[in-house]
Amino acid sequence: MPFYQFSFGSHKDFLAQDTRKTALTEFIGTFIFVFAGSGSGIAINKLTGGAAATPTVLIAAAIAHAFAYVVAVSVGTNFNGGQVNPAVTFSLFICGYINFIRAVFFWLAQLAGSLCACLLLKFATGGKSVLAYGLSDGMGAWNAVVLEMAMTFGLVYTVYATSRDPKVSTNLETIAPISIGFMVGANILVGGAFDGGSMNPALSFGAAVVTWSWNNHWVYWVGPLFGGTLAGLIYELAFVVPTYPRRDPLYS
């Protein structure tokens, strides 16, 4: 059952070597994902002359984000990282996989990684800012919240089913990053035309800071956090056998 390892943590978590290593891994993984994903948006915008998005543009963005997410998750798994998303981290905290102190460390690392990636993109491209996430014409804020919630639900459910369930086989765990990345790409094809298809508060945060565009930014926190938490709770309650040992001993 969820919550049986729900923990705030202790002062030792501030100094623990595995906390620092995993936080650094989260920083690097998020940096890789945002640099490639948001960078593809800048490149597409340059090649199309800033023209309105087309199905081809949407597919290109989905592929770029999917590939980048596969790599970002893969490079973090050696240190039980690879979350690359505050919504994933928050869900793992609520469901007892990590304590509160470490979750905060990982959040800060993810936000910092996204911000650094966006700042570097702006410098490396000669001042071209990343595209901030926003709602399309006719899209209401609460409609976007539901959309972000549903997309993040699918993403985080995939995370639990392929990498967090203690019954997961080695073969399935090996392809988990691919499954998760494909889910990201598929969801962008769904939500990209309506609200950008973020599913990741860190991804939205870096772009918002660099462009200083905060309109409806709360949508990209409320939707993913709620959807990710709901996915984790449902998976834990319905499918995880309580007698199985929990994964990720570094987080206990």
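Is Phe-239 buried, exposed or partly exposed, and what is its relative accessible area? Phe-239 is partly exposed, at 42%. That value sits between the cut-offs of 20% and 50%, so the residue takes the middle class. The model is predicted.

## Tyr-157 and Phe-239

A pair of aromatic rings is described by the distance of the centres and the angle of the planes. Across the whole structure, a search finds 16 aromatic pairs. Tyr-157 and Phe-239 make up one of them. Their ring centres lie 6.4 Å apart. Their planes meet at 85 degrees. An angle over 60 degrees counts as edge-to-face, so this pair is edge-to-face.

The pair links distant parts of the chain. Tyr-157 belongs to helix 6, which covers residues 141-164. Phe-239 belongs to helix 10, which covers residues 219-239. The two residues are 82 apart along the chain. Tyr-157 is partly exposed, with a relative accessible area of 26%.

## Tyr-160 and Tyr-235

Now take the rings of Tyr-160 and Tyr-235. Their centres are 6.3 Å apart, and their planes are at 40 degrees. That angle is neither under 30 nor over 60 degrees, so the pair counts as tilted.

This pair also links distant parts of the chain. Tyr-160 is in helix 6, and Tyr-235 is in helix 10. They are 75 residues apart. Tyr-160 has a relative accessibility of 1%, so it counts as buried. Tyr-235 is buried too, with a relative accessible area of 7%. Both values fall under the 20% cut-off.

## The ring cluster

Which residues do ring pairs link into a cluster? They are Tyr-97, Phe-153, Tyr-157, Tyr-160, Tyr-235 and Phe-239. The residues of the two pairs described above are among them.

## A nonpolar surface patch

Phe-8, Phe-100, Val-104 and Leu-108 make a nonpolar patch on the surface. The patch has an area of about 380 Å². Leu-108 lies in helix 5, which covers residues 100-124. How accessible is Leu-108, and is it buried or exposed? Its relative accessible area is 54%, which is over 50%, so Leu-108 is exposed.

## The largest pocket

The largest pocket has a volume of about 760 Å³. It is lined by 25 residues. The closest to its centre are Ala-53, Val-57, Leu-131, Gly-192 and Gly-196.

Several helices contribute to this lining. Helix 2 (17-47), helix 3 (55-76) and helix 8 (176-195) each supply at least two of the lining residues.

How values were computed: Residues are numbered from 1 along each chain as its sequence is written. This is a predicted model: local features need pLDDT of at least 70, side-chain atom pairs count only at pLDDT 80 or more; totals for chains, interfaces and linings use all residues. Side-chain values use heavy atoms; hydrogens and water are left out. Rings of Phe, Tyr and Trp (its six-membered ring) pair if their centres lie within 6.5 Å; planes under 30 degrees apart count as stacked, over 60 as edge-to-face and the rest as tilted. Helices (H or I, at least four residues) and strands (E, at least two) are DSSP runs, numbered from the N terminus. Buried means under 20% relative accessible area, exposed over 50%, partly exposed in between (1.4 Å probe, protein chains only). Patches are made of residues with over 30% relative accessible area and no salt bridge: like charges are joined within 9 Å, nonpolar side chains (Val, Leu, Ile, Met, Phe, Trp, Tyr) within 5 Å. Accessible areas come from the Shrake-Rupley method with a 1.4 Å probe; for residues, only the protein chains shown count as cover. A salt bridge is a side-chain nitrogen of Lys or Arg within 4 Å of a carboxyl oxygen of Asp or Glu. On a 1 Å grid over the protein atoms alone, a cavity is a set of points where a 1.4 Å probe fits but cannot get out, and a pocket is an open set with protein on both sides within 12 Å along at least five of seven lines; lining residues have an atom within 4 Å of a point. Grid points are joined across faces, edges and corners, and a volume is the space filled by probe spheres set on the points.
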